[in-house]
Amino acid sequence: MAGTNATDGVQAARAQAQAVLRLRGRAVALAVLPAAVAAVLIAGGLTGHLGAAGAADAPGWDAARWAVSAVALIVLLVAAAFALALVRAERPQVPAVPLAESSAPELYRMVREVAERMEVPAPERIALTPDCDSWLEDPPARSGRPRAARTTPPPAPAAGRASGRASGQANGHSLDDTLGRGLPAEPVAPTLVVGSPFIWWMRVAELRALLAPVIAGTACSADPDIAAARNFVRGLDATLGLAADARRGPGWRRPPLLLLGRIAAVLLRRGAGHAGEMERAVAGWASERARQVDYGLRIAAQEQVGLAYAGWDRLLTRVALPAWRIGRWPSRLDAGVVAALTELSRRDRLAEGFESRLGERPACDLLEEPGLMDEQVSRLAARLLAATPGPGTDWTPVDWEEYPTAVVERIWRTQAAELGAALFGTDPADPGPADPSAADLGGVLDRLRDSPASGLGDRLTTAAAAATGLGPVPGDQPARTGADLVATHLTALVCCAALDAGAAEPGLDWLDGPVLLVDGVRRTDLAAPVALAVEQGEQGPLRAWLDAVGVRLEKPVRLR
């Protein structure tokens, strides 16, 4: 039954691909139709069958020939321009870190073994992406651009596997065994893009089970009809993007590009349904094909996907984003994911039992230099997800060991300085303390009692934007305003006072981000006293907390 379902899936995918190609054929036919009509009219005039010289209807036929020929010429010019844009438009490619075979020979070997078990072509390359996802990326040859020649010889074929493509074999088998048809003349296997959190968090067996359905998709990528349909749809999408970018280009380019964009949009709307059904059929076929590779373990691996996504999202929003906003990028994000997920497994009752799997071999052991790859992926994540630092802001890496001092303390002191500037520096009648690099905590609390939280929050918003020089970061938390923003800055000032008093130190929690450590223990009881002081003006609990920790109110707090 599984074989029947797989065959049905292949046929369904190929049928939908052919429907997309028929749409392309109809578009070509429609483009040449005026030229064909013009050719008939011209031939009829030359032979005397349509508007012969001297006939009463000759002027009418001559006018028709000129009109149709002009329309045909315009349509052919538009069609030629559209075909050129379709071929030359840059296909969207998700940025990824290429992983050479010399950097991960065991990973390449595992992928080829999985492909051989499923009798599908192995991916030609592997790349890592800072995302919790995996997919196949078509090579440049599929994107309308010439394929570059190999600069290094291809890897030696495994035992029992034919090495030549001309023989019609791939990984020791013919595609007749897989898709029911022969191998194309020039098959180009796609690139396997793997989410780096999977590499660092999953065990080797889990990664193999997770990647099996993705690897199985290489067989469909080698099918001529499916490859041509995908290339056509992606070309339309790229042409549509080219037309959208025309609004920012020279004025003379906008009308023709907008016209090409309209044509691409119409074709995309007509073919979107068939393309979507084709991809669903391909996914269904790949899933059926991958049943023979660790199918039982795939269920457990899918559970790890959800856990990895939760830990990755938490690490980015609570730990990485604060560093990115001040121009520092953590250089070991994937190692941080492992630490965050280990902590999540320890805290979350739903994750009980996951720590026992940590004794198995991690998938990152398949890499020769996991630390170097982690750094490259972390740099790519910062480039993709973080805004560009403002003028005068350093964009430098930071290790987890120095994160509390280089990031947490710097953020606290910056926010404390913004609070001091908002309280003292904006009133012309009260220029504030003579030394702007220090503030009296007691004086700040006294002034805070007389300042409305809403107006102070507005001034803090302006000060924060001027201090960081950064725009909004994709995936960042909604900006805090009003009392919440004042509470955040007052908490930072209190933490700075505790640091200067030698009573505390900055720390990093893998799931919650910056934390305050007193005697090596995280303090979570500061939020309530700060909220009372900001929202209700009741400063007694906060002053009691400071006294218990050992912070003197009259001692200046260093703000820089």
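Student: How exposed is arginine 522?

Tutor: A residue is classed by its relative accessible area: under 20% is buried, over 50% is exposed, and anything in between is partly exposed. In this predicted model, arginine 522 has a relative accessible area of 34%, so it counts as partly exposed.

Student: Which residues does arginine 522 form salt bridges with?

Tutor: To read a salt bridge, look at the closest N and O atoms of the two side chains; the cut-off is 4 Å. Arginine 522 forms one with aspartate 512, where these atoms are 2.9 Å apart. Arginine 522 lies in strand E10 and aspartate 512 in the loop between E8 and E9, so this pair ties together parts that are 10 residues apart in sequence. Aspartate 509 also forms a salt bridge with arginine 522, with the closest N and O atoms 3.4 Å apart. Here the link runs from strand E8, which holds aspartate 509, to strand E10, which holds arginine 522, across 13 residues.

Student: Are the two aspartates buried or exposed, or do they fall in between?

Tutor: Apply the cut-offs to each. Aspartate 509, at a relative accessible area of 11%, is buried. Aspartate 512, at 22% relative accessibility, is partly exposed.

Student: Which residues belong to the network of salt bridges that share partners?

Tutor: Arg314, Arg318, Asp509, Asp512 and Arg522 are joined into one network in this way. For the whole structure, the search finds 25 salt bridges.

Student: What is the strand order in the sheet that holds E8 and E10?

Tutor: To read a sheet, list which strand pairs with which, then note the direction of each pairing. This is an open sheet of 3 strands in the order E8-E9-E10, and the pairing is antiparallel. Strand E8 (505-509) and strand E10 (521-522) are the edge strands, each pairing on one side only. Between E8 and E9 there are 5 bridges in the antiparallel sense. For a point of reference, leucine 508 stands opposite proline 514 in E9.

Student: What is the strand order in the sheet that holds E1?

Tutor: That open sheet has 4 strands, ordered E1-E2-E4-E3, and its pairing is mixed. Strand E1 (97-99) and strand E3 (134-137) have a single partner strand each, so one side of each is left without a neighbour in the sheet. From one strand to the next, the twist averages 30 degrees. Strand E2 (residues 125-129) and strand E4 (residues 191-195) run parallel and are joined by 5 bridges. Isoleucine 126 stands opposite leucine 192 in E4.

Student: Which strands does helix H3 lie across, and which does helix H5 touch?

Tutor: For a helix on a sheet, ask which strands are in contact and at what angle the axes run. Helix H3 (residues 105-118) lies across E1, E2 and E4, at about 115 degrees to E2. Helix H5 (residues 204-221) packs on the sheet as well, touching E3 and E4, and its direction makes about 25 degrees with that of E3.

Student: Why do the buried residues of H16 line one face of the helix?

Tutor: An α-helix has 3.6 residues a turn, so residues three or four places apart point the same way. In helix H16 (residues 540-549), the buried residues are Leu542, Trp545, Leu546 and Val549. Viewed down the axis of H16, they fall within an arc of 95 degrees, so they line one face. The exposed residues Asp547 and Ala548 are on the face turned away from the buried side. Just after H16, glycine 550 has a positive phi of about 105 degrees.

Student: What do the buried residues of H16 pack against?

Tutor: They pack against helix H12 (441-449), helix H14 (482-500), strand E9 (513-518) and helix H15 (527-535). H16 and H12 are also linked by a salt bridge: arginine 543 pairs with aspartate 446, with the closest N and O atoms 3.2 Å apart. Arginine 543 is in helix H16 and aspartate 446 in helix H12, so the pair ties together parts that are 97 residues apart in sequence. Both partners are partly exposed, arginine 543 at a relative accessible area of 27% and aspartate 446 at 38%.

Student: How many helices and strands does the protein chain have?

Tutor: The protein chain has 16 helices and 11 strands. Of its 560 residues, 45% count as buried. Among contacts between residues at least 6 apart in sequence, 81% join residues at least 24 apart.

Conventions. Residues are numbered from 1 along each chain as its sequence is written. This is a predicted model: local features need pLDDT of at least 70, side-chain atom pairs count only at pLDDT 80 or more; totals for chains, interfaces and linings use all residues. Side-chain values use heavy atoms; hydrogens and water are left out. Buried means under 20% relative accessible area, exposed over 50%, partly exposed in between (1.4 Å probe, protein chains only). Helices (H or I, at least four residues) and strands (E, at least two) are DSSP runs, numbered from the N terminus. The arc is that of the directions from the helix axis to the C-beta atoms. Contact means heavy atoms within 4.5 Å. Two strands pair if DSSP finds at least two bridges between them. Axes are lines fitted to C-alpha atoms, for helices over the stretch in contact, and angles run from 0 to 180 degrees between N-to-C directions.
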